[in-house]
There are 4 protein chains.
Amino acid sequence: MRKLQWGMIGGGEGSQIGPAHRLGAGLDGLFEFTAGALDHRPEEGIGYGRSLGLGDRAYGSWQDMLAGEKAQDNPIDLVTVATPNSTHFEITKAFLEGGFHVLCEKPMTMTVEEGEEIVKIARTTGKICAVNYGYSGYSLVRHMKAMIARGDLGKIRLVNAEFAHGHHADAADAENPRVRWRYDPAQAGVSAQFADCGIHALHMASFVTGQDVTKLSADTVSCIDVRVLEDDAMVNFRMDGGAVGRLWTSSIAIGRQHGLGIQVFGEKGGLRWSQEHPNQLYYMPLGERLQIIERGEANLSPEADRTSRVTIGHAEGMPLAFANIYADLAEAIRARKENRSIDPAADLYPRAEDGLRSMAAVFAVAQSGKEDGLWCDARPPMFR
Amino acid sequence: MRKLQWGMIGGGEGSQIGPAHRLGAGLDGLFEFTAGALDHRPEEGIGYGRSLGLGDRAYGSWQDMLAGEKAQDNPIDLVTVATPNSTHFEITKAFLEGGFHVLCEKPMTMTVEEGEEIVKIARTTGKICAVNYGYSGYSLVRHMKAMIARGDLGKIRLVNAEFAHGHHADAADAENPRVRWRYDPAQAGVSAQFADCGIHALHMASFVTGQDVTKLSADTVSCIDVRVLEDDAMVNFRMDGGAVGRLWTSSIAIGRQHGLGIQVFGEKGGLRWSQEHPNQLYYMPLGERLQIIERGEANLSPEADRTSRVTIGHAEGMPLAFANIYADLAEAIRARKENRSIDPAADLYPRAEDGLRSMAAVFAVAQSGKEDGLWCDARPPMFR
Amino acid sequence: MRKLQWGMIGGGEGSQIGPAHRLGAGLDGLFEFTAGALDHRPEEGIGYGRSLGLGDRAYGSWQDMLAGEKAQDNPIDLVTVATPNSTHFEITKAFLEGGFHVLCEKPMTMTVEEGEEIVKIARTTGKICAVNYGYSGYSLVRHMKAMIARGDLGKIRLVNAEFAHGHHADAADAENPRVRWRYDPAQAGVSAQFADCGIHALHMASFVTGQDVTKLSADTVSCIDVRVLEDDAMVNFRMDGGAVGRLWTSSIAIGRQHGLGIQVFGEKGGLRWSQEHPNQLYYMPLGERLQIIERGEANLSPEADRTSRVTIGHAEGMPLAFANIYADLAEAIRARKENRSIDPAADLYPRAEDGLRSMAAVFAVAQSGKEDGLWCDARPPMFR
Amino acid sequence: MRKLQWGMIGGGEGSQIGPAHRLGAGLDGLFEFTAGALDHRPEEGIGYGRSLGLGDRAYGSWQDMLAGEKAQDNPIDLVTVATPNSTHFEITKAFLEGGFHVLCEKPMTMTVEEGEEIVKIARTTGKICAVNYGYSGYSLVRHMKAMIARGDLGKIRLVNAEFAHGHHADAADAENPRVRWRYDPAQAGVSAQFADCGIHALHMASFVTGQDVTKLSADTVSCIDVRVLEDDAMVNFRMDGGAVGRLWTSSIAIGRQHGLGIQVFGEKGGLRWSQEHPNQLYYMPLGERLQIIERGEANLSPEADRTSRVTIGHAEGMPLAFANIYADLAEAIRARKENRSIDPAADLYPRAEDGLRSMAAVFAVAQSGKEDGLWCDARPPMFR
């Protein structure tokens with residue numbers, strides 16, 4: 001099976017996101033890294049791209065790359081957009097319209113209006129527009145979704161999600177530019193911790209329950225004085241399948257290293273999972289004992305099996321979850337090339353609609369936070 | 001050292017609360033069980049009291065007991081009120097006014113007005129009026145309070161408390177009278193899960209931080225249709241020392257057995273503790289590693305040492321926490337008898353003011369829950 | 001129900017063991033502390049006993065106490081022997097022969113021969129001779145025994161027990177008299193860490209499987225030079241029901257606080273339990289998932305129910321386990337008084353035969369340790 | 001940086017080991033998979049190799065591959081031998097002698113004599129001969145080694161290692177050929193569970209302490225009757241730096257999924273690590289509290305930093321540990337090509353000497369197991 005061709009925009013020398021995507025895309029040998037515009041400084045981008053083996057498909061700008069790849073007989077099959085947040089919209093739009101499948105880093109856009117535009121373009125062009133909510137690639141997260149979809153928990157009553165860490169808790173470090181920009185509206189937009197971390201937890205709540213958020217109420221606070229945007233938020237929400245939601249996100253929770261986790265409670269059972277120990281899923285069927293589902297155990301769902309690489313008892317981690325998103329996309333692209341339907345167990349990558357809903361939720365949190373927890377519509381206008 | 005004399009109202013044959021109090025009061029040999037009105041049915045109460053060795057100080061009603069003990073040369077030193085909730089006010093009031101020290105089960109009263117009255121009576125009479133928030137007796141909960149008081153965490157930014165279990169999650173069991181009454185306003189008042197469990201978490205937040213709740217916003221829901229009162233609530237709050245609070249309580253969280261826990265985050269460190277594993281306290285000083293404080297380790301605070309009975313590595317549990325409240329009371333009573341000041345490490349039992357503040361918080365949660373999370377004053381009028 | 005009368009020898013002012021026994025014996029209100037010879041110094045013993053309310057049944061020596069109680073119309077029902085190890089034999093023997101039921105601290109004797117003599121005396125006199133392996137009182141330890149007895153695990157293949165802590169790991173502290181005597185043969189006998197801690201793990205292995213140890217091989221080492229006796233030992237053993245055993249004990253395992261735990265593996269399932277978190281028992285039926293049994297859950301065994309005092313989710317700890325041994329003894333004594341058979345769920349207190357087998361195991365470990373792990377018979381001669 | 005060329009022998013279609021190695025070798029983009037003899041059936045091997053993109057460097061036998069690569073202008077830089085155990089010696093020998101660097105799956109050989117021969121050949125030819133003890137690639141395992149090497153624990157007193165799982169506990173499955181061969185001396189050699197799993201724990205004990213095993217005593221048992229070789233073993237050992245060792249391995253420990261873990265105790269501290277949760281390392285400095293070292297935290301050792309890919313709080317797992325071995329080898333090969341010394345933090349891959357020592361330990365365990373735990377020399381003759 002020939003490898004698909006993959007290109008990247010952003011992720012230049014010294015970035016964290018570049019190696020992470022190259023690891024994720026290359027891990028299963030499904031994609032070959034063949035083109036890139038890796039830096040907004042043309043020379044640096046071309047030089048770095050060549051050092052990574054891209055040859056004359058190392059471009060000086062995304063515009064050059066778009067033009068160059070369109071001119072190729074055998075252009076890239078997928079492009080990843082990993083540039084600064086404010087440029088995601090423009091680049092994603094251009095590549096979709098240019099006929100390319102896109103995986104865009106989150107946030108997909110900076111406004112709800114842009115998000116709606118991307119959704120429309122993706123629908124019109126028929127191209128894949130994926131958004132990188134990478135935690136949804138974990139094998140046992142997929143299994144939670146499968147269990148809930150097949151009814152193991154009955155009707156879902158409540159979801160409690162968290163993404164709370166302590167890495168921005170040091171007041172002495174708050175003016176450090178590496179940290180400061182995140183809490184500055186001029187650079188980060190309307191939300192800091194919720195937009196950066198909380199949104200992963202909210203996406204996970206939707207992903208595993210299969211329900212969309214309809215409205216929400218937020219209590220946002222800045223625990224360090226110099227910050228304008230929130231470093232801690234509690235969000236209550238409602239979902240279109242009737243579930244109630246609670247979500248806590250924080251960057252001042254000293255003692256917590258990452259803190260993404262989810263609990264789901266239905267009529268017939270409860271589930272609990274944590275990203276820091278992702279190979280175990282705690283499950284209690286109503287009236288029975290708490291039991292531990294292990295990644296890689298026999299007779300899990302197809303969704304779990306597809307995303308599990310090593311045998312039970314061996315740890316798997318985040319890079320493999322990330323690779324699972326790329327594996328989904330490889331299957332989606334191949335299915336199109338081969339005129340067949342996609343393996344349903346792979347049809348789970350987050351997409352433009354998720355990016356749009358997330359953006360609407362971010363704005364709703366910001367508004368509710370300003371208005372004393374007023375319940376706000378969390379849906380983008382086009383989905384109301 | 002002669003034992004103090006102790007009496008009990010309520011806690012009749014077959015009750016759970018009776019043996020728990022007798023265990024807690026008797027465990028350290030500080031109190032002797034000498035009087036009781038154990039049942040609202042006079043004959044049963046007298047019979048059961050005699051079977052427990054009370055002789056002619058087994059009474060048929062609390063009124064008889066009040067009269068009888070007042071007539072004793074050597075009356076009881078402390079009375080515990082463990083009757084149905086709606087009678088706490090009347091009995092506590094009568095015994096305080098009769099010159100007795102009282103330990104009242106929670107809730108101390110059914111209304112804020114009654115709570116204020118009890119506080120006033122306690123102040124006027126000078127008698128001890130304690131309220132049984134028993135979880136505050138755990139050794140490492142005491143140590144959290146001591147650490148925060150001496151500044152180990154710096155200014156407290158945020159408290160996140162929980163009391164979420166799954167024992168009322170079975171819809172088929174919701175009509176069971178044993179469960180049902182808790183969610184029925186006619187029997188339970190304005191709140192179910194928050195008043196029953198959440199209030200313990202809120203008390204703990206105040207106890208360890210030394211701050212009082214000023215205002216709150218609540219999202220209360222009933223996940224099972226037949227219930228009028230909430231079985232799940234999220235409460236955001238503010239404290240008078242500047243701390244922000246979040247509190248989740250639930251009775252439909254299948255997979256959780258008890259779920260009382262607290263996380264406290266300050267400028268200089270974070271703490272995490274859980275009732276289900278009460279002998280470990282997780283502590284991260286800012287910029288250092290997470291470390292595990294063990295109950296019974298050397299060089300903890302006087303507050304922790306006083307409430308730790310067995311050597312490090314051995315588990316201690318709830319009955320000992322409960323006994324610590326009684327040990328506090330024994331010290332308070334003795335200090336008065338001996339005209340000396342109380343050991344400050346023992347001066348930590350919850351008191352009428354806590355019972356009153358809790359009642360005000362319950363009403364604020366109920367109001368806020370009805371009004372879409374409106375921020376409500378959580379202080380009793382007399383403390384505004 | 002009248003309380004039984006209880007007396008104690010040893011456990012004088014400032015001791016740890018005295019309060020622990022008084023807590024355990026008094027906790028359920030089954031025993032009244034009525035007599036004692038609490039100190040080998042007559043005046044101190046009498047003075048301390050009187051301060052604890054013993055009146056003229058505070059004796060100056062165990063000999064006086066034996067004589068005094070024999071002369072009572074209503075003598076003590078049970079005596080606890082908590083004196084220095086080398087005196088256990090003599091005192092236990094004298095009280096059994098004097099017609100008293102005895103609970104002896106471990107070790108019951110200093111030699112196997114003495115142990116056999118005690119067993120014979122207990123059998124001849126018909127008096128209860130219990131030995132305080134207190135960890136066997138935990139509710140879930142009782143439940144393990146019940147599960148195995150009823151066949152839940154099938155034939156037991158292997159037991160792996162541990163009691164490894166790090167409290168004697170500091171070489172700078174090794175000459176401290178408080179620590180040193182334990183590793184000195186003149187004071188401690190033939191074994192240090194195994195006799196002190198390991199034996200609890202070995203007793204537990206026998207208690208839960210219902211099998212006796214037949215032979216063993218030991219690797220004993222002293223990790224700190226000045227020690228003659230071992231501070232770390234690994235013991236392999238065989239049991240009379242066919243189980244294989246492994247047991248590790250250490251006092252130099254820095255980072256471990258207590259370390260008593262057991263794993264049992266049978267044809268049909270496995271169990272795992274740890275004293276530091278005694279309210280959970282991990283159970284995997286063959287071919288199914290690991291599940292968590294909680295102390296206090298519904299439908300456990302009668303043995304577990306009898307020894308569980310507070311509701312599920314609340315921690316219970318060591319003092320309650322200790323109290324369960326006393327509760328067993330109260331039931332055993334009452335059954336005799338009432339000429340009825342004992343509740344089988346209470347007939348689980350460790351007895352003289354356990355004390356004897358433990359002593360034989362200690363000597364076998366010492367011998368095997370000296371002879372390069374030679375397999376030695378671990379049975380006392382009278383049971384070969 | 002041009003990728004190194006990598007080839008593989010074994011790992012044909014449907015194998016588990018093939019994808020694991022391709023994942024590990026390719027994960028960081030350091031190696032390109034360019035040659036292979038993937039199946040002992042020539043046509044299948046060539047066909048499968050071509051399907052993986054090997055073109056005419058897909059060979060029908062390892063002999064063809066050896067000849068073919070020797071004839072290449074630009075031959076492979078490293079070959080992985082992942083064939084059935086009994087063929088490792090012959091193939092590894094041939095490739096070393098042919099001038100190739102080799103990574104051999106464990107066991108490196110079937111006898112000690114063969115092991116010594118490989119060591120000599122590796123030394124004579126100067127070629128790299130690595131052996132795949134892949135668990136030594138975990139970042140925090142590297143950090144343990146670094147901590148001990150720099151003296152954080154002082155002199156090491158004791159190591160306690162485990163590799164105990166329950167995947168062969170089903171007697172009904174014991175005759176299944178997939179399981180049975182492992183316990184059959186004709187196919188598996190002198191040891192089953194120790195050679196298969198225990199040896200990883202023993203290697204880890206040597207790896208982290210930097211000490212070699214000198215002698216050992218083993219208790220080996222077969223818990224399922226039809227097995228000739230052991231399914232459970234306890235091994236006591238001594239190391240050349242003075243450390244005492246204990247090692248338990250089992251395949252009948254129902255309830256355990258993997259069970260590789262290690263505890264190390266020195267004069268100045270203790271460490272504990274488990275493969276199932278590899279991103280945390282528990283560390284107690286003598287006299288301080290237990291603290292949790294997180295993979296990816298700041299200021300760890302160069303050895304840990306080099307092998308950590310994602311930020312703190314994100315899980316990393318086994319495939320990345322495996323990739324770290326390949327990354328070590330890439331660095332070793334590049335250093336040779338570039339005539340420079342290897343980065344010391346990468347010079348940690350297990351090598352032929354480790355393979356040889358392991359084989360000697362396997363034979364010593366088998367002998368000791370047969371002779372009632374006789375202490376046996378565990379060193380290969382050439383290292384005595």
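Contact here means that heavy atoms come within 4.5 Å of each other. Keep that in mind for the tour below, and remember that this is a predicted model.

**Two helices side by side in chain A**

Let's start with helix H3 (residues 62-71) and helix H4 (residues 88-97) of chain A, whose axes come within 11 Å and cross at roughly 10 degrees. Angles under 35 degrees count as roughly parallel, so H3(A) is roughly parallel to H4(A). Which residues in H3(A) meet H4(A)? They are A:Trp62, A:Met65 and A:Leu66, and on the H4(A) side their partners are A:Glu90, A:Ile91, A:Ala94 and A:Phe95. Sorted by character, the residues of this contact come out as six nonpolar, no polar and one charged.

**How chains A and B relate**

Now bring in chain B. A turn of 180 degrees, with a shift of 0.0 Å along the axis, lays chain B on chain A with an RMSD of 0.0 Å. The two copies are therefore related as by a two-fold rotation axis. Which C-alpha of chain B is nearest that axis? That of B:Gly373, at 3.5 Å from the axis. As for the interface, 100% of the interface residues of chain B are also interface residues in chain A, so the copies meet through the same surface.

**Helix H12 of chain B**

Helix H12 of chain B runs over residues 352-370, which is 19 residues. From its first C-alpha to its last it reaches 27 Å, close to the 27 Å expected at 1.5 Å a residue. Plenty of H12(B) is tucked away: its buried residues include B:Ala352, B:Gly355, B:Leu356, B:Met359, B:Val362 and B:Val365. What covers them? The cover includes helix H5 (112-125) and helix H9 (193-209), along with strands E5 (129-131), E7 (213-221), E8 (232-239) and E14 (376-377), of chain B. After H12(B) comes B:Asp372, whose phi is positive, near 55 degrees.

**A buried leucine in a loop**

Go back along chain B to the loop between helix H6 (139-149) and strand E6 (156-164), and you'll find B:Leu153. Is B:Leu153 buried or exposed? With a relative accessible area of 0%, B:Leu153 is buried, because buried means under 20%. One of its neighbours is far off in sequence: B:Lys268 is 115 residues apart from B:Leu153 along the chain, yet their C-alpha atoms are separated by 4.6 Å. Leaving out residues up to four places away in sequence, B:Leu153 touches several others, among them B:Met147, B:Ile148, B:Val264, B:Leu271 and B:Tyr283. It also touches B:Gly266, B:Glu267, B:Gly269 and B:Gly270.

**Some backbone details**

A cis peptide bond turns up in chain A and in chain B, as the table shows.

| Cis peptide bond | Omega |
|---|---|
| A:Lys106 to A:Pro107 | about -5 degrees |
| B:Lys106 to B:Pro107 | near -5 degrees |

A:Pro107 sits in the loop between strand E4 (101-104) and helix H5 (112-125) of chain A, and B:Pro107 lies in the loop between strand E4 (101-104) and H5 of chain B.

Positive phi values in residues other than glycine are worth a look too. A:Asp372 has phi near 55 degrees and sits in the loop between helix H12 (352-370) and strand E14 (376-377) of chain A. A:Asp372 is exposed, with a relative accessible area of 58%. In chain D, D:Asn339 has phi near 50 degrees. Where is D:Asn339? In the loop between helix H11 (318-337) and helix H12 (352-370) of chain D. D:Asn339 is exposed as well, at a relative accessible area of 74%.

Key
Residues numbered from 1 in each chain as written. Chains lettered and ligands numbered in written order. Predicted model: local features only at pLDDT ≥ 70, side-chain atom pairs only at ≥ 80, totals over all residues. Heavy atoms only, no water. Least-squares fit on C-alpha atoms with pLDDT ≥ 70 in both. Helix = DSSP H or I, 4+ residues; strand = E, 2+ residues; numbered from the N terminus. Expected span 1.5 Å × (residues − 1). Buried < 20%, exposed > 50% of the residue type's maximum accessible area, 1.4 Å probe, protein only. Axes fitted to C-alpha atoms, helices over the stretch in contact; angles between N-to-C directions. Parallel < 35°, antiparallel > 145°, perpendicular 65-115°, else oblique. Nonpolar A, V, L, I, M, F, W, Y, C, P; charged D, E, K, R; others polar.
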